[in-house]
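Student: Please take one part of this structure and go through it closely. I would like the pairing of a single strand, followed outward to whatever surrounds it.

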Amino acid sequence: MEHDVGPKGVFDASDVPDAIPVWEPISRQGNKSPYVVRGVKYHIADTAKGFVEEGYASWYGLKFHGELTSNGEIYNMYAMSAAHKNLPIPSYVKVTNLENNKQIIVRVNDRGPFHKGRVIDLSYAAATKLGYAKKGTARVKVELIQLEPGSLNTYSGNESPQDQVVHFIQVAAFSLKQSAEKVLHQLEGVENLPEVFIGSDAVGGAVIHRVRVGPFTNESDAIASLKLLKNRGFSGAQVIQRALSARNI
């Protein structure tokens, strides 16, 4: 997470719902075992039943926001997700900050962290809810939530029955990342916009790079910014809705 940062301004994570544990089949991507990173070999646990570990947690944010995770999903720093070296993907874990006793539930869909002494990389939102985003790291306890095939939701932890809907503005989409970056630089000169980023996704064998603005917590703010962008010449911009805890943004 060298040179990684969180969003500009103040981000209130208190309303971001924990991931809701449901049984899911093992992903076709992200579960190769063993795998090698920086010359170090890692193994995916054959069975993670009863998995518990303690160590330091870090977080990753805007540097990876919109990039592909190890299982081919899109990383959303505002969702409750995590990266782990050894747990099967996907997995659900309860994470306790041992420095303040705060607890959250996240869905593991990525690999890492590969820094010595760190056991889990949380999304920016998850680290904020645990109270260590500004500090950078915290000592935590990670506990696997065991789910059985066919169970829809067998865990009675801190979970929300409904995702919070947020709004983004999709400004443009390109097959060339350089074109998306050009628009991104143009948007950085527009005042009073929240975070501007590029979300990349594989579609039909090609990668599409979408330039987006957000999130907006209410639709009226998104519409106001949309009018501003259209007046600046971004005629193809449109408002889209996403669940804040969704796997893809």
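Tutor: In this predicted model, glutamate 53 has valine 142 of strand 8 opposite it. The next residue, glutamate 54, faces lysine 141, also in strand 8. These pairs belong to the contact between strand 3, residues 52-60, and strand 8, residues 138-144, where six bridges are found and the strands run antiparallel. Strand 3 is also joined to strand 7, residues 118-123, by five bridges, and here the direction is parallel. Tyrosine 56 has arginine 118 as its bridge partner in strand 7.

Strand 3 thus has its place in a closed barrel of six strands, in the order 3-7-4-6-5-8 and with mixed pairing. On average, neighbouring strands of this sheet are turned by 45° against each other, direction ignored.

The largest nonpolar core has 40 residues, and those touching the most other members are Val93, Val95, Val106, Ile120 and Leu122. Two or more residues come from each of strands 3, 4, 5, 6, 7 and 8 and from helix 1 (124-130). Helix 1 contributes the most, five residues.

Leucine 122 shows how these parts meet. Beyond its neighbours within four places in sequence, leucine 122 is in contact with Ser58, Trp59 and Tyr60, and its other contacts include Val95, Ile104, Val106, Ala127 and Leu130. A further core lies apart from this one; it has 18 residues, including Val183, Val196, Ile198 and Leu229. In soluble globular proteins, nonpolar side chains tend to be buried together.

Note on methods
Residues are numbered from 1 along each chain as its sequence is written. This is a predicted model: local features need pLDDT of at least 70, side-chain atom pairs count only at pLDDT 80 or more; totals for chains, interfaces and linings use all residues. Side-chain values use heavy atoms; hydrogens and water are left out. Two strands pair if DSSP finds at least two bridges between them. Helices (H or I, at least four residues) and strands (E, at least two) are DSSP runs, numbered from the N terminus. A nonpolar core is a set of buried Ala, Val, Leu, Ile, Met, Phe, Trp, Tyr and Cys residues joined through side-chain atoms within 4.5 Å. Buried means under 20% relative accessible area, exposed over 50%, partly exposed in between (1.4 Å probe, protein chains only). Contact means heavy atoms within 4.5 Å. Axes are lines fitted to C-alpha atoms, for helices over the stretch in contact, and angles run from 0 to 180 degrees between N-to-C directions.
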